[in-house]
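Here is a small set of exercises to work through with the model open beside you. Try each task first, then follow the solution step by step.

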There are 2 protein chains.
Amino acid sequence: MTTTLENELAAILGPGGLVTDPNEIAPHTKDWRGRYNGVARCLVRPCSTAEVSATVKACINHGVPIVPQGGNTGVCGGAIPDASGRSVVVNLARMNRVRTVDPVANTLTTEAGATLVEVRQKATDAGRLFPLDLGSEGSCQIGGNIASNAGGTTVLRYGNMRELVLGLEAVLPDGRVFSGLRSLRKDNTGYDLRQLFIGSEGTLGIVTAAVLKLFPQPRSSATAFVALAECRAAITLLARLRETCGDRLTAIELMSKRQLDAVLLHVERTRKPLAMTAPWYVLVELTDTATDVDWPEHLATVLERARADSIVVDAAVAASESQAHDFWRLRHTVSEANVRTGRVVSHDTAVPIAAIAEFIARTETELVSALPEAALHYVGHVGDGNVHAVVVLPPDRYAAPLAFEDAARRANEVVHRLAASLGGCIGAEHGVGQSLRDQLPRFKDPIDLDLMRGLKRLLDPNNLMNPGKVVG
Amino acid sequence: MTTTLENELAAILGPGGLVTDPNEIAPHTKDWRGRYNGVARCLVRPCSTAEVSATVKACINHGVPIVPQGGNTGVCGGAIPDASGRSVVVNLARMNRVRTVDPVANTLTTEAGATLVEVRQKATDAGRLFPLDLGSEGSCQIGGNIASNAGGTTVLRYGNMRELVLGLEAVLPDGRVFSGLRSLRKDNTGYDLRQLFIGSEGTLGIVTAAVLKLFPQPRSSATAFVALAECRAAITLLARLRETCGDRLTAIELMSKRQLDAVLLHVERTRKPLAMTAPWYVLVELTDTATDVDWPEHLATVLERARADSIVVDAAVAASESQAHDFWRLRHTVSEANVRTGRVVSHDTAVPIAAIAEFIARTETELVSALPEAALHYVGHVGDGNVHAVVVLPPDRYAAPLAFEDAARRANEVVHRLAASLGGCIGAEHGVGQSLRDQLPRFKDPIDLDLMRGLKRLLDPNNLMNPGKVVG
């Protein structure tokens, strides 16, 4: 039986399509942070939707689980097989062609394996913007972005990946192809089946291609680094900025002083953005197509008024593109800095925007008491209420896996409980994968879980499509 | 058995909650256009989600079908019971409270029975915008807008209703309550169950409340009426406007000369917007929060350049709010004008934006040949590829229902076939309801229909929740 499936896959996929060498498979069975380590029976690298479909059918016939995989940049283990060694990893990297860019319809059609950076570049080449902005853009793939409903720094203005997908194609858990690769902005002919595949982390099918929304390419921008006396002020500033700057407010990113200090200490080519030191900072960006307004000056005026009204304590508007780049580098290198600071327990909670300050205050108090030796860094997206509480543990004391796992459990307990108590969620933009799966029954309504399991059973009655992820 | 259900409903709903008088029920069993006429066993008017839930449970126990109903402004018969007289109509009009407006989080929480106009007004009162813009705003209800995934004139900028819903609450076909009334901008803890209820026209549950996204309130705008030598120029103009005006382009509405002539002839207080006559017109609107730019002048410059480049032949930018209002009146009174012109067969197709001109040319040729005595009016949303081909039949010759139905069938056949052949859909913003249900098997992929039926069976195994709508 074993030989038969591999033979079938080799025939379906042709040369280079089937990988059985454990050394070649190894990088695909663990995540980049080193938290998940699985074993795969083999890895396949299909070149077409037909090959994905045939692969799925072969696996189903043999009762073999399938793990879809994009750029493997996730942090929740959603693309990592379990330890049984039974699964076939279906890696989409060879389906990486951006098929068309239509600047009239403002759409881009791409295969699932194209990287985000390439999709963004192809849009830019056509004078358009694809707005999804993630630190992992060089490696992450569009299929994974869709499967995980990726967020990032521009959600405030452009929405999550869900809002950026006009059409998609997916191979169902029974191998049939859902052909929804349409570019229509309005289509109300029945249930919106696309939504089943967006954010379901490969548990209801394998996304193979998509039609994405493009936007006008901004031609002017303004970037500022702003110091705040308290994190509550970030919420007031958000309201002020939306009122005065409207939809051209593209990002408002929050960082605690300790987080910024860690970046300045551990990341080369960084420097203090402001002369003044403050407990909280936000990075603000406006973008616009109109070049007849001096947006940096506009932003400076708004921030000066916010200073006069005691909302902000200091602010610097970037005087050049290079200075704006330096500001953004402070934000984009946060993960790098944190990993260099110690052993990291990260969280991905969202709370209602008005509750951000309370969430931070309460987690801080409880975490200091639960893990007094940890450093707490906060970084987040103010406009989405998505605050990452990053618990950094002294590396020597938490070198042992058991000690680390125990600390992580204690930190999770505090952060998840407080997020939920404030009407928030425990997984905002990174998904569930393996890491939050067993937490869901505690934090989700039983009716939600029942509906989720019903959907899973409906589409994947054999439980062979990315089993053990998202739903238990 | 019959008496028992009514007794149970009376007990659940209290005084005024159960309506059994046929005269009082009558307005709720037919649509405003007079195309659908059903019979209901009774009508209930719940005041709370608990009452809706108990009503559904009682009906299920008795095996009685349920027809959810909002403002009854639909055109596809989605809220009208069938002729059997077996159904209970659940009208949400008494659940009409806008619960909270949060200008910090930019959210509005409302019960399903609130009218669109009231929701918009409450947002405005708080200095915010709820952007959904429909001609029926005075009567249509938020629950119906969600159930039908409403579109309208601002989709280009703000998306369909689906993109405007942050959270929702719904009573499931088994009477349980899905409690998704959250305000989070990011939540990836499992499948996005909200999506099941948006656009499924009450066949998977009854929407009882929602949290909606609010936007910054524009404080400046520019409105222009533009004449075009050919409809293809509307697409070029769209690209030019998005490039030069970015996301502040809020609407670009297309009208054929005959459509405008019908409005000018049949609607009081209208007048020619331009001295020049042309075969096609578009109404353009920009809105922005920034008041430091003269947007009318900005738009005038863009349009002047478009005239120099032979994209437009003439244009008038409104010099006052009252003139802008007059321009919009020409667009908003289209349905009124068409009904006064003759017997109307309307269509709700969308095609890829680049195919708009071809779609119009081909439908025109075929319709003229199929129904030479009809007048053809075109009106639509350029940015969404959503073109309504309106076939106006001479009223005397088509007074008889049979003659009218036959003509409608012939017109539908042409318009639907051509939309599908160009990669479009037969129902863009009005939904399926009863009117397109039997067309779906011809135009949808069998796999889509199979998934839709599976979802329907999963949530409503007894087929009692708005049966006979959307899925056959």
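**Exercise 1.** Leaving aside its neighbours within four places in sequence, which residues is Arg329(B) in contact with?

*Solution.* Keep in mind throughout that this is a predicted model.

Step 1: Find the residue. Arg329(B) is part of helix α12 of chain B, which covers residues 321–332.

Step 2: Set aside the neighbours within four places in sequence and list what remains in contact with Arg329(B): Val267(B), Glu268(B), Arg269(B) and Thr270(B).

Step 3: Check the accessibility. Buried means under 20% relative accessible area. Arg329(B) has a relative accessible area of 16%, so Arg329(B) counts as buried.

Step 4: Look along the chain. Leu264(B) is 65 residues apart from Arg329(B), and their C-alpha atoms are separated by 10 Å.

**Exercise 2.** Describe helix α12 of chain A: what is its reach, and which of its residues are buried?

*Solution.* Step 1: Helix α12(A) spans residues 321–332, which makes 12 residues.

Step 2: From its first C-alpha to its last, α12(A) reaches 16 Å, close to the 16 Å expected at 1.5 Å a residue.

Step 3: The buried residues of α12(A) are Ala324(A), Phe327(A), Trp328(A), Arg329(A), Leu330(A) and Arg331(A).

**Exercise 3.** Work out how helices α10 and α13 of chain B pack.

*Solution.* Step 1: Two packed helices are described by the angle between their axes and the distance between the axes.

Step 2: For α10(B) (residues 257–266) and α13(B) (residues 334–341), the angle is about 80° and the axes are 8 Å apart. The two helices are therefore roughly perpendicular.

Step 3: On the α10(B) side, the contact is made by Gln259(B), Ala262(B), Val263(B) and His266(B). On the α13(B) side, Val334(B), Ala337(B), Asn338(B), Arg340(B) and Thr341(B) take part.

**Exercise 4.** Explain why strand β13 of chain B is described as largely enclosed, and find its partners.

*Solution.* Step 1: Strand β13(B) covers residues 249–256, and 8 of its 8 residues are buried, so the rest of the structure largely encloses the strand.

Step 2: Strand β14(B), residues 280–288, runs antiparallel to β13(B) and is joined to β13(B) by 7 bridges. Strand β18(B), residues 375–381, is also antiparallel to β13(B), with 3 bridges.

Step 3: Follow Glu253(B) across to each partner. In β14(B) its bridge partner is Leu283(B), and in β18(B) Glu253(B) stands opposite His381(B).

**Exercise 5.** Lay out the sheet of chain A that contains strand β3.

*Solution.* Step 1: The sheet is open, with 4 strands in the order β1-β2-β4-β3 and mixed pairing. Strands β1 (18–19) and β3 stand at the edges with a single partner strand each, so one side of each has no neighbour in the sheet.

Step 2: Helix α3(A), residues 49–61, packs on the sheet and touches β2 (40–44), β3 and β4 of chain A. The direction of α3(A) makes about 155° with that of β3(A).

Step 3: Strands β3(A) and β4(A) (residues 87–91) run parallel and are joined by 4 bridges. Val67(A) has Val89(A) as its bridge partner, and Pro68(A) has Val90(A).

Step 4: Ile66(A) and Pro68(A) point one way from β3(A), while Val67(A) and Gln69(A) point the other way; all are buried.

**Exercise 6.** What relates chain A to chain B?

*Solution.* Step 1: A turn of 180° and a shift of 0.0 Å along the axis lay chain A on chain B with an RMSD of 0.0 Å. This is therefore the relation of a two-fold axis.

Step 2: Both copies use the same surface, as 100% of the contact residues of chain A recur in chain B.

Terms used. Residues are numbered from 1 along each chain as its sequence is written. Chains are lettered from A and ligands numbered from 1 in the order in which they are written. This is a predicted model: local features need pLDDT of at least 70, side-chain atom pairs count only at pLDDT 80 or more; totals for chains, interfaces and linings use all residues. Side-chain values use heavy atoms; hydrogens and water are left out. Buried means under 20% relative accessible area, exposed over 50%, partly exposed in between (1.4 Å probe, protein chains only). Two strands pair if DSSP finds at least two bridges between them. Copies are superposed by least squares on the C-alpha atoms of residues with pLDDT of at least 70 in both. Contact means heavy atoms within 4.5 Å. The expected span of a helix is 1.5 Å times one less than its number of residues. Axes are lines fitted to C-alpha atoms, for helices over the stretch in contact, and angles run from 0 to 180 degrees between N-to-C directions. Angles under 35 degrees count as roughly parallel, over 145 as roughly antiparallel, 65 to 115 as roughly perpendicular and the rest as oblique.
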